[in-house]
Amino acid sequence: MQNIKVSIIIPVYNVEPYIERCIKSVLRQTYRNLEVILVDDCSPDRSMDLAKEYINKNLNENSDLQFLFLKHDHNRGLSAARNTGIDAATGEYVYFLDSDDEITEDCISVLVKPIGNDKFDCVIGNIVAIGSDDPYFQLRGEGIYNSTKSIANAYLQEKWYPMAWNKLCRISFLKEHCLFFKEGLIHEDELWSFQLACTLQTLFAVKKHTYIYYIRPNSIITGNSIKTRTVNLLKVLRGMYEFQEANQLYFKEVDYIENNFMKSVFYWLRKDHNSLMSIYMKFRNADVRSLATKRRIYNTAKERILHFDLFFPALLGFCYKYLLWRVRILKEKECIPFC
């Protein structure tokens, strides 16, 4: 079944030692109805030249594949490169591949197989991580999820990972819901996957490994400073609130995902030696939801007590939240951000 055209989007920036490995894994795909889009984000090395050279060298045996080479006029970042790829894609589905990783030979075949007449909004596969002893980002869910709440709940339980790569997404769905990547943001995958989890109506999870993820010490994920990380994580949190407000997402799973993310942000803010008041103020500044939205979300007596600080001015809100935490009116794990 090769009637579904898939556009593989590969942002290219400063990956000279790895780009040939990545391209090789694409060219050997058993699924052949492919459009390969390489977006040069003004890479300072020869990454794009090496990619083109390798493709041209192997063009005869890959003449059934389509190739599109794009270039930004200045460096704009990973998010912009992916967005450029989405805009240019002519496939029915898009697949995101980072240029320092690779995919298994049957990757696209495995991910396309479940689609059939169902036309899932998204199909995801499992991951092999190389460079760490930890079981990075393993897919723990399997099969069909056919409602937004069940998909968001699976994301909340970390049954599927927050990275954009290794996800086969129906391009009309992404465009209909404006699910583009926020430019100029590190950890953009966290925000994009949150938005995806809160809007997807159908998802199919395949337990088979389809993506090989290489963890490098100098990568964005492992290399950025604590200060940079906290600034960007707060931007992600604000983006979550903005998306919730704009799309009027009132179901509880959205709030639970945001609260879990707050715990992660809280950890890094404390590691950066922020005071509790400073942390609280940063969280309040990030929360752009209207009072009407907060009332709809926190509609039980217990929730109103826990989140009543959000209806006060920030300084009074801090005093109220701090009091709850100090006198242990509620369990410590409930007193975000003082967990």
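Buried here means under 20% relative accessible area, exposed means over 50%, and partly exposed is anything in between (1.4 Å probe, protein chains only). What you're looking at is a predicted model, so local features need pLDDT of at least 70 and side-chain atom pairs count only at pLDDT 80 or more, while totals for chains, interfaces and linings use all residues. Residues are numbered from 1 along each chain as its sequence is written, and side-chain values use heavy atoms, with hydrogens and water left out.

**View A. Helix α7 is largely enclosed by the rest of the structure.** Nine of the ten residues of α7 are buried, hence that description. They are Glu188, Asp189, Leu191, Trp192, Ser193, Phe194, Gln195, Leu196 and Ala197. Helices (H or I, at least four residues) and strands (E, at least two) are DSSP runs, numbered from the N terminus.

**View B. Cys198 sits in the loop between α7 (188-197) and β9 (203-214).** With a relative accessible area of 3%, Cys198 is buried. Skip its neighbours within four places in sequence, and Cys198 is in contact (heavy atoms within 4.5 Å) with Thr148, Phe243, Leu249, Phe251 and Val254. For a sense of scale, the C-alpha atoms of Cys198 and Leu310 are 23 Å apart, with their positions 112 residues apart along the chain.

**View C. Two other loop cysteines, Cys42 and Cys178, have positive phi values.** Cys42 belongs to the loop between β2 and α2, and its phi is near 55°, which is a positive value in a residue other than glycine. At 24% relative accessibility, Cys42 is partly exposed. Cys178 is in the loop between α6 (171-176) and α7, again with phi near 55°. At 55% relative accessibility, Cys178 counts as exposed.

**View D. Helix α1 (residues 19-27) and its buried residues.** Ile19, Cys22, Ile23, Ser25, Val26 and Leu27 are the buried ones. What do the buried residues of α1 pack against? The partners are β1 (6-12), β2 (34-40), α2 (47-57), β3 (66-71) and β5 (102-103).

**View E. Glu102 in strand β5.** This acidic side chain's residue, Glu102, is buried, at a relative accessible area of 10%. Setting aside residues up to four places away in sequence, Glu102 touches Arg21, Ser25, Arg28, Leu97, Tyr211, Ile212 and Tyr214. Glu102 and Tyr18 are 84 residues apart along the chain, yet their C-alpha atoms are separated by 9.1 Å.

**View F. Two arginines over aromatic rings, Arg21 on Tyr214 and Arg82 on Phe181.** The test for a charge over a ring is NZ of Lys or CZ of Arg within 6 Å of the ring centre and within 35 degrees of the ring normal. Arg21 lies over the face of Tyr214, 3.6 Å from the ring centre. For Arg82, the charged end sits over the ring of Phe181 at 5.0 Å from its centre.

**View G. Helices α9 and α11 cross at roughly 40°.** Two packed helices are described by the angle between their axes and the distance between the axes. The axes of α9 (residues 226-247) and α11 (residues 276-286) come within 8 Å; they are lines fitted to C-alpha atoms, for helices over the stretch in contact, and angles run from 0 to 180 degrees between N-to-C directions. The crossing angle makes α9 oblique to α11 (under 35 degrees is roughly parallel, over 145 roughly antiparallel, 65 to 115 roughly perpendicular, the rest oblique). Leu234, Leu237, Arg238 and Tyr241 of α9 meet Lys282, Phe283, Asn285 and Ala286 of α11. By class, this contact has five nonpolar, one polar and two charged residues (Ala, Val, Leu, Ile, Met, Phe, Trp, Tyr, Cys and Pro are nonpolar, Asp, Glu, Lys and Arg charged, the others, Gly among them, polar).

**View H. A sampler from the 16 aromatic pairs found in the whole structure.** Rings of Phe, Tyr and Trp (its six-membered ring) pair if their centres lie within 6.5 Å; planes under 30 degrees apart are stacked, over 60 edge-to-face and the rest tilted. Tyr267 and Trp268 are edge-to-face, because their ring centres are 5.1 Å apart and their planes are at 80°. Tyr267 is partly exposed at 47% relative accessibility, whereas Trp268 is buried at 17%. Phe308 and Phe311 make a tilted pair, 6.1 Å centre to centre with 40° between the planes. Both rings' residues are partly exposed, Phe308 at 37% and Phe311 at 21%. Elsewhere, Tyr161, Trp165, Tyr211 and Tyr213 form one aromatic cluster.
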